[in-house]
Protein chains: 2
Amino acid sequence: MTDLFPKKGHDHDRCIDSAIAQAEKVCEAESARFTDMRRKVFSLIWQSHKAVTAYELLDILQSEGLRVQPPTVYRALEFLTDLRLVHRIESLNAYFGCDQPDCDHLGQYFICTKCGRVAEAVDEDMSIAVRKAAKQVAFKIEATTIEIKGLCHDCTTH
Amino acid sequence: MTDLFPKKGHDHDRCIDSAIAQAEKVCEAESARFTDMRRKVFSLIWQSHKAVTAYELLDILQSEGLRVQPPTVYRALEFLTDLRLVHRIESLNAYFGCDQPDCDHLGQYFICTKCGRVAEAVDEDMSIAVRKAAKQVAFKIEATTIEIKGLCHDCTTH
DNA sequence: TCAAGAAATGATATATTATAACATATCACC
DNA sequence: GGTGATATGTTATAATATATCATTTCTTGA
Ligand SMILES: [Zn+2]
Ligand SMILES: [Zn+2]
Ligand SMILES: [Zn+2]
Ligand SMILES: [Zn+2]
């Protein structure tokens, strides 16, 4: 069994720092501005490995005294998802931080229904199967949404 | 190349009749009541092979003079999706009719971004790849959302 | 350095999607 | 026909998302 979800008790500050460092690099490469608001939203998303909704982010920002409205949050989310620094989970209307934004793939997401964590997989066999199925029916893929809900390893054993 | 999306000019009345006949059978088998409202909503969904939103259904029902409110539509949709007669497309917040409700599978949906049609696939290789990937990371699957957006064969050639 | 245009955010309003809660009607069964 | 269960009606509101225009901040080049 390989790890996909981070271990309990891992050093999550390192996850956050690494994610921010990567984001800075991506923005730099794209000549995109990693503004305070975008950085703030990105950090909030990375506070956990769970997916977080736009209005949860809004509540946090407002609770910190910022006079932020929904469009501000959605704009930051659009910026981050366009750069693939953040992914939207369609079946949750929620967003979570990508830990491999440099990877050019059809993403697959494992979502634990017990602990709420999300993990992104880069499974080549899945991608191949999807592309093969599409080819068989002469379908030209533009985007895929592959979201797998269930119990993560930790949640089946604890 | 095998067909997945129905041919243009096919006899869609047959699709509708067949879907309703199947739905009646499923409801019978489950001792579930295929009431007028549920039948009406189901028929509306089957007016095309596109996915349709709850509020589009509501508008149609109201335009026909029925005094229907959102909960009525959502209840019918819940009934139909529970029986797997209708599937929800998460990335569209929309619903479309299943043409193989008897099949016990992890569904995969091809969604044409040009013509709007949706087709359900039952691709065993895709299911195997998903189950294998889950097994590798000791993830216990409860449900899957596999939605593939792009251009159907008709829309790439016409 | 600062003027002009571009980009980002603020602010207000509203659209879209979905559900809670309780009342009424209909159905299945005895 | 009475009774409990199921379905629908009705009203209100929650949750998610976007349109529009004003203001601020940034970039860039004279
Ligand atoms: Zn972490
Ligand atoms: Zn878990
Ligand atoms: Zn048809
Ligand atoms: Zn098409």
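## Surface around DNA strand C

A residue counts as near a strand if one of its heavy atoms lies within 4 Å of it. In this predicted model, 18 residues surround DNA strand C, and those that come nearest are T35(A), R75(A), R33(B), Y55(B) and R88(B). Sorted by class, the surface near the strand holds seven charged, seven nonpolar and four polar residues.

Seen from the DNA side, 52% of the atoms of strand C within 4 Å of the protein belong to sugar or phosphate, and the rest belong to bases.

## Polar contacts with the strand

Chain A supplies side chains that approach phosphate oxygens of DNA strand C. A polar side-chain atom of T72(A) is 3.0 Å from one phosphate oxygen, and an N or O atom in the side chain of R38(A) is 3.1 Å from a phosphate oxygen. R75(A) instead approaches a base: an N or O atom of its side chain lies 2.6 Å from a base oxygen of DNA strand C.

Three helices give two or more residues to the surface near this strand: α2 (36–45) and α4 (70–82) of chain A, and α4 (70–82) of chain B. Of the elements, α4(B) gives the most, with four residues.

## How chains A and B are related

Two copies of a chain are related by a rotation about an axis and a shift along it. Here, chain A is superposed on chain B by a rotation of 180° with 0.0 Å of shift along the axis, at an RMSD of 0.0 Å. This is the relation of a two-fold axis.

Within chain A, the residue closest to the rotation axis is I146(A), whose C-alpha is 2.3 Å from it. The copies meet through the same surface, because 100% of the interface residues of chain A are also interface residues in chain B.

## The zinc ion (ligand 4)

Which protein atoms are the donors of the zinc ion (ligand 4)? They are the SG atoms of C112(B), C115(B), C152(B) and C155(B), at 2.2 to 2.4 Å from the ion. The angles that the four donor atoms subtend run from 104 to 115°, so the arrangement is tetrahedral. Ideal angles for four tetrahedral donors at a metal are 109.5 degrees.

Along the sequence, the donor residues follow the spacing C-x2-C-x36-C-x2-C. C112(B) lies in strand β3 (residues 108–112) of chain B, while C152(B) lies in the loop between β5 (140–151) and α6 (153–157) of that chain, so this pair ties together parts 40 residues apart in sequence.

Methods:
Residues numbered from 1 in each chain as written. Chains lettered and ligands numbered in written order. Predicted model: local features only at pLDDT ≥ 70, side-chain atom pairs only at ≥ 80, totals over all residues. Heavy atoms only, no water. Polar contact = N/O pair within 3.5 Å; in protein donor to acceptor, adjacent residues only side chain to side chain. Nonpolar A, V, L, I, M, F, W, Y, C, P; charged D, E, K, R; others polar. Least-squares fit on C-alpha atoms with pLDDT ≥ 70 in both. Contact = heavy atoms within 4.5 Å. Donors = N, O, S within 2.8 Å, 3.2 Å for Na, K, Ca; no water. Tetrahedral: all angles 85-135°; square planar, octahedral: opposite > 155°, others 65-115°.
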